[in-house]
Amino acid sequence: MASPQIDVNEIVATLEQIRQRGHSAHTVFRDWVNLVLFALQDRDDPYLEIVDDYRERGDMDHPRGQRSVDLFATAFGQLQERMAATDADVLGAVYEEYGMSSDAFGQYFTPHSVCETMAEIAGVGGESDTDDRQTVLDPACGSGRTLLVAGRKQPDALFVGQDKDPLCARMTALNCCFLNLDAYIIQGDSLTVEFQRAWQTSYSSLGGSVRELDDEAVEELREWVTDAFENTVEAEDQPSPTQGTDTGAEDQASPVATSVPSEQASLGAFEGSD
Ligand SMILES: C[S@@+](CC[C@H](N)C(=O)[O-])C[C@H]1O[C@@H](n2cnc3c(N)ncnc32)[C@H](O)[C@@H]1O
């Protein structure tokens, strides 16, 4: 179901102008997400590769302000405005709305009200009987909607999201960066515990940042997430509905709130691993 409470018409209309130049909706949305993600990481080379693709297809023939690269930038400005106004998963709502015309998108995310309930059931933002930092894991995070809801309830927690869909993982990384959360976002299958790539987003008083982890850091992250999840499950005599032994039942995984010793939560293990 789309998210009718979030008005994304303006953003969709901007992206639609690009699509009408002969691109598929999925290509336009994917390129937009990648451009934003590369721009936020100051990664000029992959950013310019995408720009060059559009240039080779005659993008410079359009007047300034109407080139596809300009429209992508306009859509990003509109996204920031909508996020500031709603604090919600605007990116996921655009994906749902824009993707209605195309099978290539193929995902529907959890309605915001259900995300609120799931975060409450998982105990996010509630009293904790330990001083350890809370960790919120979502092994099938979609666009990161439940993590965003949890992030508003408990912004000082550490968030970990995983999704096997590359576009979903990227949307979640952007959402966690926009919400200025400390998070690790993994692209990979949570059932087979395969990690293909991962991003770290970090809180700062000036706003969030995002960077992609290198292979070594991805492997460290995989070991840490596996241990953290196994310890959480083992600690429960009777697994509760939010702490099942399955890390990612297709489309039914619930977020899990757990706590990790503060030395693990320091993020130090992954620092300086560019
Ligand atoms: C209903 S959607 C997203 C729900 C999400 N928790 C939210 O907050 O909106 C389910 C997601 O699970 C992902 N998924 C399904 N099986 C998976 C698996 N084995 N590993 C990782 N992600 C998976 C899909 O790609 C999809 O994005």
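Q: Which residues are the closest to the ligand?
A: In this predicted model, the ligand is surrounded by 21 residues. Helix α7 (145–153) and strand β2 (158–163) each contribute at least two residues to that shell. The closest residues are Thr110, Ala140, Gly142, Thr146 and Asp165.

Q: By class, how many residues of the shell around the ligand are nonpolar, polar and charged?
A: The shell is made up of 21 residues, with at least two from α7 and at least two from β2. Sorted by class, the shell has 6 nonpolar, 7 polar and 8 charged residues.

Q: Where on helix α1 do its buried residues lie?
A: Helix α1 spans residues 9–19, and its buried residues are Ile11, Thr14, Leu15 and Ile18. The face turned away from them carries the exposed residues Asn9 and Ala13. Because the buried residues cover an arc of only 90° around the axis, they lie on the same side of α1.

Q: Which helices do the buried residues of α1 pack against?
A: The residues concerned are Ile11, Thr14, Leu15 and Ile18, which are buried in α1. Their packing partners are α2 (25–40), α4 (68–86) and α5 (90–98).

Q: Why do the buried residues of α4 line one face of the helix?
A: The buried residues of α4 are Ser68, Leu71, Phe72, Ala75, Gln78, Leu79 and Arg82. Viewed down the helix axis, they fall within a limited arc and therefore line one face; that arc is 120°.

Q: Which residues are exposed on the other side of α4, and what covers its buried residues?
A: Away from the buried residues of α4, Gly77 and Ala84 are exposed. The cover over the buried residues includes α1, α2, α3 (44–56) and α5.

Q: What span does α4 reach from its first C-alpha to its last?
A: Helix α4 has 19 residues, for which 27 Å is expected at 1.5 Å a residue. Aspartate 87, with a positive phi near 60°, follows the helix. The span reached is close to the expected one, at 26 Å.

Q: Which elements do the buried residues of α2 pack against?
A: Helix α2 has 16 residues and reaches 23 Å from its first C-alpha to its last, close to the expected 22 Å. Its buried residues are Val28, Phe29, Asp31, Trp32, Val33, Leu35, Val36 and Leu37. These residues pack against α1, α3, α4, α5, α8 (166–178) and β5 (209–212).

Q: Which residue with a positive phi follows α2?
A: The phi of this residue is near 55°. The residue that follows α2 is aspartate 42.

Q: Is tryptophan 199 buried or exposed?
A: Tryptophan 199 is found in strand β4 (residues 197–202). Beyond its neighbours within four places in sequence, tryptophan 199 is in contact with Ala173, Ile185, Val210, Arg211, Glu212 and Leu213. Because tryptophan 199 has 24 C-beta neighbours inside 10 Å, the residue counts as buried.

Q: What distance separates the C-alpha atoms of tryptophan 199 and aspartate 214?
A: These two residues are 15 residues apart along the chain. Their C-alpha atoms are separated by 9.1 Å.

Q: Over which residues is the pLDDT below 50?
A: The mean pLDDT of the protein chain is 83, and 82% of its residues reach 70 or more. One stretch below 50 has 23 contacts in the model beyond near neighbours in sequence, and another has 20 such contacts. Where pLDDT is low, predicted coordinates should not be read in detail. The stretches are residues 237–252 and residues 261–274.

Key: Residues numbered from 1 in each chain as written. Predicted model: local features only at pLDDT ≥ 70, side-chain atom pairs only at ≥ 80, totals over all residues. Buried ≥ 20, exposed ≤ 12 C-beta atoms within 10 Å, placed from the backbone. Helix = DSSP H or I, 4+ residues; strand = E, 2+ residues; numbered from the N terminus. Arc of directions from axis to C-beta. Contact = placed C-beta atoms within 7 Å. Near = placed C-beta within 6 Å. Nonpolar A, V, L, I, M, F, W, Y, C, P; charged D, E, K, R; others polar. pLDDT = per-residue confidence, 0-100. Expected span 1.5 Å × (residues − 1).
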